[in-house]
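Subject: Structure handover

Hi,

Here is the structure we talked about. Please load it first, then read the notes below.

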Amino acid sequence: MKILVIHATAGAGHKKAAEAIFHGIQAQGGHDVRLADALDYTNPLFKKTYPWFYGFLVTRLPWMWGFLFGALDIAWMQPLVRAVRRLYNGFNAGPLQHFLIKEQFDAVITTQFLSAEVSAYLKRTGKIRSKIICVVTDFDVHRIWVNNGIDIYTGACDYTRDKLISLGVPAQQAVITGIPTDAKFAGKPDIQGIKKVLGLKDGPMTVLIATGSFGMGPIEEIMALLKEYQLLIVCGHNQELYHRLKPAAPKNTHVLGLVDNMDELMSVADVMVTKPGGLSIAEALVKKLPMIFFSAIPGQETNNVKVLTSYEVCAGQSSLPQIAETIGEWNSNPKHLDALRQRLSALSKPNAVRDILALL
């Protein structure tokens with residue numbers, strides 16, 4: 001089969017999900033597969049401003065992002081939203097439309113809503129015949145994901161599937177696969193070897209603090225509150241935060257920038273304090289790593305917290321004192337952590353990539 005796996009670079013999650021699927025197809029063999037960023041097939045101004053505008057809103061004006069997120073999800077506004085999106089995407093993503101029409105892929109697997117809307121439009125107007133699989137990369141579903149012309153939607157859990165159906169997706173087109181993660185998260189790592197490389201000791205609780213790709217949150221305050229534990233702090237793209245924390249970090253705190261071994265860090269951690277992005281949660285679920293959430297972006301991340309709270313695998317979004325209190329309780333009562341890991345295993349989907357490929 002001739003397959004396109006496509007995402008759009010706005011945050012890290014959509015890209016990481018697409019890469020996991022792409023590598024899974026490559027490993028399976030027998031297919032002509034391509035990985036593409038939809039923004040590479042848009043006009044230059046749009047390509048530059050699309051990720052910049054998203055990053056600016058979620059880091060500087062999160063209340064505005066939350067307002068827009070909610071407004072675009074109002075049911076009675078959908079005819080207007082769809083019409084505006086079609087004009088907007090048609091104008092800015094013309095090269096993407098020409099690319100899809102020219103290549104006539106047998107299957108298009110999309111992990112972001114821009115490419116989902118464009119490919120669905122071309123499918124329902126008869127300009128492409130591709131089978132379109134839309135991979136939803138959060139635990140809740142915004143209406144912007146749903147487009148007439150999509151053949152199959154994949155979701156993280158029962159809640160995701162039920163939400164898709166409530167938004168009008170036929171039940172047979174909504175499939176629970178989990179959010180796709182890289183195969184290395186399901187591997188069996190050398191725990192002692194990783195600890196040795198990182199300089200971690202056996203015994204003290206190890207807390208992984210993940211700030212998301214933008215390096216957001218009150219990290220200095222969290223570091224001070226948890227100074228009695230072994231800390232692994234991942235600053236992402238935030239070089240300013242990295243250079244600020246590194247000199248001030250005590251001996252039991254390891255400050256890291258943008259990493260490509262998050263699977264190893266999760267393997268040696270006892271708990272993760274993190275922003276609730278869909279991919280970060282999915283990776284932690286595969287590792288059965290207990291999570292505490294902070295600084296959730298209004299919209300998709302607060303909704304992720306809502307869904308996980310309904311499954312009783314987290315305590316909701318935590319304040320700074322609550323983070324310290326919860327970790328203290330878990331450190332004093334390891335049985336609570338063991339019980340939580342059992343609940344996490346029910347949502348863990350280490351074979352999400354395999355199950356998505358089976359839909360082809």
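The model is predicted. I have grouped the findings by region, starting with the rings.

**Aromatic pairs**

Searching the whole structure gives eight aromatic pairs. One of them joins Trp 52 and Phe 56, and it is stacked, with 5.3 Å from centre to centre and 15 degrees between the planes. Both residues belong to helix α2, which spans residues 44–60. They are four residues apart, about one turn of the helix.

How accessible are the two partners? Trp 52 is exposed, because its relative accessible area of 53% passes the cut-off of over 50%. Phe 56 has 31%, so it falls in the partly exposed range between 20% and 50%.

Elsewhere, Tyr 41, Phe 99 and Phe 105 make up one aromatic cluster.

**Charges over rings**

Phe 105 has a further partner: the charged end of Lys 2 sits over its ring, 5.3 Å from the centre. Arg 86 does likewise with Tyr 121, where its charged end sits over the ring at 3.9 Å from the centre.

**Helix α12**

Most of my notes concern α12, residues 278–287. How many of its ten residues are buried? Nine are, so this helix is mostly covered. The buried set is Gly 278, Leu 279, Ile 281, Ala 282, Glu 283, Ala 284, Leu 285, Val 286 and Lys 287. Note that Glu 283 and Lys 287 are in that set.

What do the buried residues of α12 pack against? Four helices are listed below, along with two strands.

- Helices: α1 (13–28), α11, α13 (300–310) and α15 (334–347).
- Strands: β10 (271–274) and β11 (291–293).

Just after α12 comes Lys 288, with a positive phi of about 55 degrees.

**Second largest pocket**

The second largest pocket holds about 250 Å³ of space. Its lining has 14 residues, and those closest to the centre are Val 286, Lys 287, Lys 288, Leu 289 and Arg 341. Val 286 and Lys 287 also appear among the buried residues of α12. Lys 288 is the residue with the positive phi.

Which helices each supply at least two residues of this lining? They are α11 (262–268) and α12. By class, the lining has eight nonpolar, four charged and two polar residues.

**Cavities**

The structure has two cavities of 30 Å³ or more.

The largest cavity contains about 50 Å³ of space. Lining it are Phe 139, Ala 156, Gly 178, Ile 179, Ala 282, Leu 285, Val 286, Leu 347, Ser 348 and Lys 349. Which element gives the largest share of that lining? It is α12, with three residues. Val 286 therefore deserves a look in the viewer: it lines this cavity and is also listed for the second largest pocket. By class, the largest cavity's lining has seven nonpolar, two polar and one charged residues.

The second largest cavity has about 30 Å³ of space. Its lining is Gln 78, Val 81, Arg 82, Arg 85, Arg 143, Ile 144, Val 146 and Asn 147. By class, that gives three nonpolar, two polar and three charged residues. The charged ones are Arg 82, Arg 85 and Arg 143.

That covers the rings, the helix, the pocket and the cavities.

Best wishes

Definitions and conventions: Residues numbered from 1 in each chain as written. Predicted model: local features only at pLDDT ≥ 70, side-chain atom pairs only at ≥ 80, totals over all residues. Heavy atoms only, no water. Phe/Tyr/Trp six-rings, centres within 6.5 Å; stacked < 30°, edge-to-face > 60°. Buried < 20%, exposed > 50% of the residue type's maximum accessible area, 1.4 Å probe, protein only. Lys NZ or Arg CZ within 6 Å of the ring centre and 35° of its normal. 1 Å grid on protein atoms, 1.4 Å probe; cavity = no way out; pocket = protein on both sides within 12 Å on 5 of 7 lines; lining within 4 Å. Points joined across faces, edges and corners; volume = space filled by probe spheres on them. Contact = heavy atoms within 4.5 Å.
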